Amino acid sequence: MVKVAIIFHSRSGNIHRLATAAAAAAEKAGAEPKLFKVPELPDPMVLDKEAYAELETTTSDIPVATLDDLVAADAIMIGTPVHFGLPAPQILNFVDRSGPVAIPGKLANKVATVFASGSAAHAGQQTAILALHNVLCHWGCLIVPNGSSVEILASEHNGSPYGTCSVSRHAPNNVHDDNLKAIEYQALRLVEVATAYRTGLQQQESAIDFVTFDFLMKKFPRLSVD
């Protein structure tokens, strides 16, 4: 069974709602999904304090993501709100600390995909997704985009081949049904690709020999990961 780690940060519930829908779709597809929220920052920027406080209560039972959760997964979904065209600082803080597992290749060949939510149709959802694609390239992941070849992606509320993009209009828990259908498709596509890759590896042993993190630290003593 494919294990799917859905790593997310949500400010007013929109990304959380998409992440929950993705988990349900992945489970329906025969995978084993698990939701993880990234660690909060000491002084987060919050516009809707009421929605943020309510979300904290709603997600209190969701564990905080660790690097071990990434390593244990076969597939990874990352969900982020848009922050000035970039992923949320909480997401960036989490991926910035992934060196100890990313550098030795422990995240290589994980099948991964990204989704985002912003205030308007062109609020930076695509750029936030593509920014995280840069991270996935460094991790050595197999990136799974949405593409444009299924009907739901032609909806005026979707339209991004990179990943599902929700438009919140600064309203909490404001996710269009078409966005929910798009994230369900995205999760299904992720599970199918991860399953196919896993089946292939069962038939052929990988010839790749990744270095260890200790080896790199000895070879490049100035390399440091906090």
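## Briefing: long-range contacts, two cores and a one-sided helix

In this chain, residues 24 or more positions apart make up 80% of the contacts with a separation of 6 or more. Bear in mind that the model is predicted. There are eight helices and seven strands in the chain, and 46% of its 226 residues count as buried. The exposed surface comes to about 11800 Å², with carbon and sulfur atoms supplying 54% of it.

**The nonpolar cores**

- The largest nonpolar core holds 28 residues. Inside that core, the residues with the most contacts are Ile7, Leu70, Ile76, Ile78, Phe94, Leu136 and Trp139.
- Several elements feed this core with at least two residues each: strand 1 (3–8), strand 3 (75–83), helix 4 (89–96), helix 5 (99–102), strand 5 (111–118) and helix 6.
- Which element gives the largest share of this core? That would be helix 6, with six residues.
- Another core, of 27 residues, lies apart from this one, and Leu18, Ala19, Ala23 and Phe115 are among its members.
- As background, nonpolar side chains in soluble globular proteins tend to be buried together.

**Helix 6, seen from both sides**

- Helix 6 covers residues 125–139, and its length checks out: at 1.5 Å a residue, its 15 residues should span 21 Å, and the end C-alpha atoms are indeed 21 Å apart.
- The buried residues here are Gln125, Ala128, Ile129, Leu132, His133, Val135, Leu136 and Trp139. They take up an arc of only 160° around the axis, which places them on the same side of helix 6.
- The general logic is simple: an α-helix has 3.6 residues a turn, so residues three or four places apart point the same way.
- Flip to the other side of helix 6 and you find Cys137 and His138, both exposed.
- Leu136 is worth a click: leaving aside neighbours within four places in sequence, its contacts are Ile78, Ala112, Thr113, Val114, Cys141 and Ile143.
- Just past the end of helix 6, Gly140 adopts a positive phi of about 85°.

**Helix 4 and what covers it**

- Gln90, Ile91, Phe94 and Val95 are the buried residues of helix 4. Looking down the axis of helix 4, these buried residues fall within an arc of 130°, so they line one face of the helix.
- What covers the buried residues of helix 4? The cover includes strand 1, helix 3, strand 3, strand 4 (86–87) and helix 6.
- Phe94 ties two topics together, being a buried residue of helix 4 and one of the residues with the most contacts inside the largest core.

**One salt bridge**

- How many salt bridges does the chain have? The count comes to one.
- The partners are Asp74 and Arg198, whose side chains meet at 3.6 Å, N to O.
- The pair joins distant parts of the chain, 124 residues apart: Asp74 is in the loop between helix 3 (67–72) and strand 3, while Arg198 belongs to helix 7 (residues 177–203).
- Are these two buried or exposed? Somewhere in between: Asp74 counts as partly exposed because its relative accessibility is 27%, and Arg198 also counts as partly exposed, at 32%.

**Positive phi away from glycine**

- Phe84 is not a glycine, yet it has a positive phi of about 55°. You'll find Phe84 in the loop between strand 3 and strand 4.
- With a relative accessible area of 78%, Phe84 is exposed.
- Across 44 residues of chain, the C-alpha atoms of Phe84 and Ala128 are separated by 8.8 Å.
- Asn109 is another residue other than glycine with a positive phi, near 70°. Its place is the loop between helix 5 and strand 5, and at 23% relative accessibility Asn109 counts as partly exposed.

**Ala22 and its long-range partners**

- Ala22 sits in helix 1 (residues 14–28) and counts as buried, because its relative accessibility is 0%.
- Not counting residues up to four places away in sequence, Ala22 touches Ile6, Met77, Ile183 and Ala187.
- How far apart are Ala22 and Glu184 in sequence and in space? They are 162 residues apart in sequence and 5.4 Å apart in space, C-alpha to C-alpha.

How values were computed. Residues numbered from 1 in each chain as written. Heavy atoms only, no water. Helix = DSSP H or I, 4+ residues; strand = E, 2+ residues; numbered from the N terminus. Expected span 1.5 Å × (residues − 1). Buried < 20%, exposed > 50% of the residue type's maximum accessible area, 1.4 Å probe, protein only. Arc of directions from axis to C-beta. Contact = heavy atoms within 4.5 Å. Areas by Shrake-Rupley, 256 points an atom, 1.4 Å probe, with all protein chains shown as cover. Core = buried A, V, L, I, M, F, W, Y, C linked by side-chain atoms within 4.5 Å. Salt bridge = Lys/Arg side-chain N within 4 Å of Asp/Glu carboxyl O.
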